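Work through the exercises below with the sequence and the model open. Try each task before reading its solution.

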Amino acid sequence: LPPPAPPPASSPPRSSSSDPPSDDLVNILVLVTSFIRAVISPESKIAAIRILAWAGPLVSDSIILDRLIPYLTALVGDEHESALVRAAAIAALASLLSLVHSFPISDHHIFLHYILPTLSSCCSEADELVAVAYAANLGSLAETALRFVDMAAAVKHKELQKG
């Protein structure tokens, strides 16, 4: 599957964590994430995943971490889900996580305790499409995980120097 298309060049710049996204966009994302589990058609789920990935650059890091990532990890971890849907969810998960540049210190273990355990099932996946999607995004996921660890270490180091 090709990666989701980036937002058009005329889109507003990426929102920082202190700059709240438009309520309208958040409401649309709430609707999309609410319906993504109820939709039966794999094509509809993939379209919803692409909407989530498209919206990533337009919303804050906290929206990505708190509202989008949980739905994508649920899709990736659902062994009864279509391989196409799981592969698209892996690509969107890697894309959205790479956009995150700030997070609460409490989320620094998100990869170790949440993302990697979910993705570990893809290593032994019988369906090659899911395994290939995992392999194709492994580099991006590793770089993002390292960035998360480095940022958390820097914050902890600052806190130790203060107190």
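**Exercise 1: Arginine 86**

Arginine 86 is buried, with a relative accessible area of 2%; buried means under 20% relative accessible area, exposed over 50%, and partly exposed in between, with a 1.4 Å probe and protein chains only. The model is a predicted one, in which local features need pLDDT of at least 70 and side-chain atom pairs count only at pLDDT 80 or more, while totals for chains, interfaces and linings use all residues. Residues are numbered from 1 along each chain as its sequence is written, and side-chain values use heavy atoms, with hydrogens and water left out.

Task: which backbone oxygen lies 2.8 Å from a polar atom of the side chain of arginine 86?

Solution.
- Step 1. Locate the residue: arginine 86 sits in helix α4, residues 83-99. Helices (H or I, at least four residues) and strands (E, at least two) are DSSP runs, numbered from the N terminus.
- Step 2. Look for its polar partner: the backbone oxygen is that of valine 76, at 2.8 Å. A polar contact is a pair of N or O atoms within 3.5 Å; within protein, one must be able to donate a hydrogen and the other to accept it, and residues adjacent in sequence count only if both atoms are side-chain atoms.

**Exercise 2: Helix α4**

Task: check the span of α4 against the value expected at 1.5 Å a residue, and state how many of its residues are buried.

Solution.
- Step 1. The expected span of a helix is 1.5 Å times one less than its number of residues.
- Step 2. For the 17 residues of α4 this gives 24 Å, and the end C-alpha atoms are 25 Å apart, which agrees.
- Step 3. Burial: 14 of the 17 residues are buried, so α4 is mostly covered.
- Step 4. At the start of α4, the backbone nitrogen of leucine 84 has a side-chain oxygen of serine 82 within 3.2 Å.

**Exercise 3: Aspartate 61**

Task: is aspartate 61 buried or exposed, and which backbone nitrogen does its side chain reach?

Solution.
- Step 1. Aspartate 61 belongs to helix α3, residues 61-77.
- Step 2. Its relative accessible area is 5%, so aspartate 61 is buried.
- Step 3. The side chain of aspartate 61 reaches the backbone nitrogen of histidine 101 at 3.1 Å.

**Exercise 4: The nonpolar core**

Task: which residues of the largest nonpolar core touch the most other members?

Solution.
- Step 1. A nonpolar core is a set of buried Ala, Val, Leu, Ile, Met, Phe, Trp, Tyr and Cys residues joined through side-chain atoms within 4.5 Å.
- Step 2. The largest such core has 46 residues, and Ile49 and Leu119 touch the most other members.
- Step 3. At least two residues of this core come from each of α1 (23-36), α2 (42-55), α3, α4, α5 (110-123) and α6 (128-162). The largest share, 12 residues, comes from α4.
- Step 4. Leaving out residues up to four places away in sequence, leucine 119 touches Val76, Ile90, Leu93, Tyr134 and Leu141; contact means heavy atoms within 4.5 Å.

**Exercise 5: The aromatic pairs**

Task: how many aromatic pairs does the structure hold, and which residues do ring pairs link into a cluster?

Solution.
- Step 1. Rings of Phe, Tyr and Trp (its six-membered ring) pair if their centres lie within 6.5 Å; planes under 30 degrees apart count as stacked, over 60 as edge-to-face and the rest as tilted.
- Step 2. There are two aromatic pairs. Phenylalanine 103 and phenylalanine 148 are stacked, with 4.4 Å centre to centre and 10 degrees between the planes.
- Step 3. Phenylalanine 103 lies in the loop between α4 and α5 and phenylalanine 148 in helix α6, so the pair ties together parts 45 residues apart in sequence.
- Step 4. Phenylalanine 111 and phenylalanine 148 are edge-to-face, at 5.2 Å centre to centre and 80 degrees between the planes. This pair links helix α5 to helix α6, with the two residues 37 apart.
- Step 5. Ring pairs thus join Phe103, Phe111 and Phe148 into a cluster.

**Exercise 6: Helix α2**

Task: which residues of α2 are buried, and what covers them?

Solution.
- Step 1. The buried residues are Lys45, Ile46, Ala48, Ile49, Leu52, Ala53 and Ala55.
- Step 2. Their cover includes α1, α3 and α4.
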